[in-house]
Amino acid sequence: MTVRIGICSTAHLHADSYAAALSEHPDAEVVGVTDVGERVADARAKAEEYGVEFLEPDELLAAADGIVVCSTNADHLAWVERAADAGVDVLCEKPLAPSVSEARAIAEAGREAGIHVGVAMPLRFSQPVRNAKTAMEDGLLGDLRFLSGTNRGQMPGSWFVEEAESGGGAVTDHSVHLVDVVRWITGEEIEEVYAETATRFHDVDVEDVNFLSMQLTDGTEFVLDGSWSKPDEWDFWGDATLRLVGTEGVVSVDCFDQKIKQTRDTEEPGIRSIYWGSNPDEGLVTDFVEAVAGDRPPLKTAADAVNDVLVVEAAYESVERTAPVAVEMNEPTASTN
Amino acid sequence: MQRIGLVGSGFMATTHANSYQEISDAEVVAVASLDENREVFAAEHAPGAEVYADAEEMMDDADVTAVDVCTPTPTHRPLVEAAAERGLDAFCEKPLARTAADADAIVDAVENAGITFMTGHVLRYFPEYAEAKRRIDAGEIGTPGTLSTERLSSPPRYGSDSWFGDKDKSGGVLLDMAIHDFDYLRWVVGEVERVFARTTEWDDGHLNQHSSVLLRFEDGATGNVEASWGYPEGSPFVTSYELAGDEGLLEFDARDENAVRVSGGAEGTKAPASPLAKSPYTRELEHFVECVETGRDPDITPNDAREAVRIALAAIESAERGEPVSPAEVGT
């Protein structure tokens, strides 16, 4: 069967990659693109670019089995509520919401309506991350003792630096990928977070420095640099790395360290790096398509993602207090939404 | 010509002795060590040097003009004080001292005696680090924002009586190894306002530690120093940095350095390990010798070395207390 997927908002640039992966998926069809308000013009342009129709939200939800939400963080809840009313499953861009209360409302809306709400965590489908998970499950590390990760990138601009639309800067944008990977690989929760933030790189009203020093529920230490510290002229968009230090061994993964170095004298002069490794978005999209078809939760659920947003909120509290903050986690709910 | 009295006969003493052989204005004329290897050490690395079991006896009896201290950290204070009392210029390996009180005492002793004194923060003489500092000073990354370093190793398997594994003596990975990066970043950015550290450790016959220290500098820049003595035996020693500012980025990763690669080779032969024409240790000691000869103040001041110790001690305290700690409040 063909699973019909609609794209709700193209405010987040990841919509391009998801649309491409969906259009290449043998069992999926992109039924259209929608948006509301001021962003309709952008969405219409994207619909044309993807070669699909622009539909009004109600039309799109009526035509779709599932939707991918690529709106601003502040609009995630409204899209999930529309999907809940229509009984359509959702794959929501990360972070799930700009606040814990909205994240909980999203999970609750999905649960009450009996729809599946997943969250786009492509690193769970990064082959290097999966190799690290397999190595850890195989016991290679001995006892895991320390994790250090980076998810540094270029400053995304646009609504990402408008707190009302995003919820915050680099802490909001670049913490949850690695926090999720670590929670997924270890099966532990984040118990405590200390954060150092600042605005050092750009003339923006949100933080672009994001250092988190965390401890997991089993005492494992976890340090993360999720700063928007890569220059605009860097040769790639950013990085995603994780080192797992154990008593018997160390596994380090650099999710995008499979690149061609390209130099051009013409058209776009300069040096850039081209990623050629397996595309995590393909795995992400395939999981969602199969989840919709099989009426099962996607690998990463909204209920689980509430705990990622809890870490983000605790990080901001840590900055306020210049002290480590205990994260009051929800009950583990990973297998359902 | 400076006549050096070298104290110690271990790993660093070997490095220094070999470097002095390349420095025309200095010669190791005496070696003092508690270790019974001292005669063999001197014959191999400081030919012709007189050999002593007692450092103070060497300072009194041998015809030395300067002392170089390459001994376990807690012995630095008495040895530097002994040199200062005798008016002998002194070089001391890092870290300057195990405690803030010892660091203060050393600074007082060398300043009161008016001797030339330098501490071995050798990273400042590693070209890849010195070059980055020059470019940052020239404004090439703009205003620094995040400064991250890595220094990753297996636990030290050298050192008399395994003293590195005794935190009471060495201070562990933060005081003994991360201090390189603390001094470097302070040199580049300035004073540190607070640190927040997490350290894990385990014992497999050696003290294994892995640590990350978040730094907040007084000017608002931030940093992360990650240091490990937790890698498996035989792992390559790895250093890296990523120094980001609002106008640019400097990246170095030893894992990407492949200036010389060797595959195979005839039995009993080897290629030189370092692709540098001059060792950073030789550069460091040349600077010290030049300062002694000319009376110039060394680039690394006694207070620089003390502040680096304070940052490391603040990190150790932070990891123990689970709170951010200011280097200024250490030992007060």
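In chain A, strand 6 pairs in the parallel sense with strand 9 (residues 221-225), and five bridges join the two. This is a predicted model, and the points below follow strand 6 and its partners before turning to helix 9 and to a span that is annotated in a record.

**Strand 6 and its partners**
- Within the pairing of strand 6 with strand 9 of chain A, F146(A) has E221(A) as its bridge partner.
- Strand 6 of chain A also pairs with strand 10 (residues 241-246) of chain A, but here the two strands run antiparallel and are joined by six bridges.
- In that antiparallel pairing, the residue of strand 10 of chain A that stands opposite T150(A) is T241(A).
- Strand 6 of chain A covers residues 144-150, and because six of its seven residues are buried, the strand is largely enclosed by the rest of the structure.

**Helix 9**
- Helix 9 of chain A, which spans residues 176-186, is mostly covered, since eleven of its eleven residues are buried.
- The buried residues of this helix include V176(A), L178(A), V179(A) and I185(A), and also among them are H177(A), D180(A), R183(A) and W184(A).
- After helix 9 of chain A comes G187(A), a residue whose phi is positive, near 75 degrees.

**The annotated span**
- For residues 4-119 of chain A, an unreviewed UniProt entry gives the feature "domain: Gfo/Idh/MocA-like oxidoreductase N-terminal".
- In the model, this span of chain A is 47% helix and 20% strand, and its end C-alpha atoms lie 18 Å apart.

Terms used:
Residues numbered from 1 in each chain as written. Chains lettered and ligands numbered in written order. Predicted model: local features only at pLDDT ≥ 70, side-chain atom pairs only at ≥ 80, totals over all residues. Heavy atoms only, no water. Buried < 20%, exposed > 50% of the residue type's maximum accessible area, 1.4 Å probe, protein only. Helix = DSSP H or I, 4+ residues; strand = E, 2+ residues; numbered from the N terminus. UniProt positions renumbered as here; feature names shortened; annotations may be inferred. Pairing = 2+ DSSP bridges.
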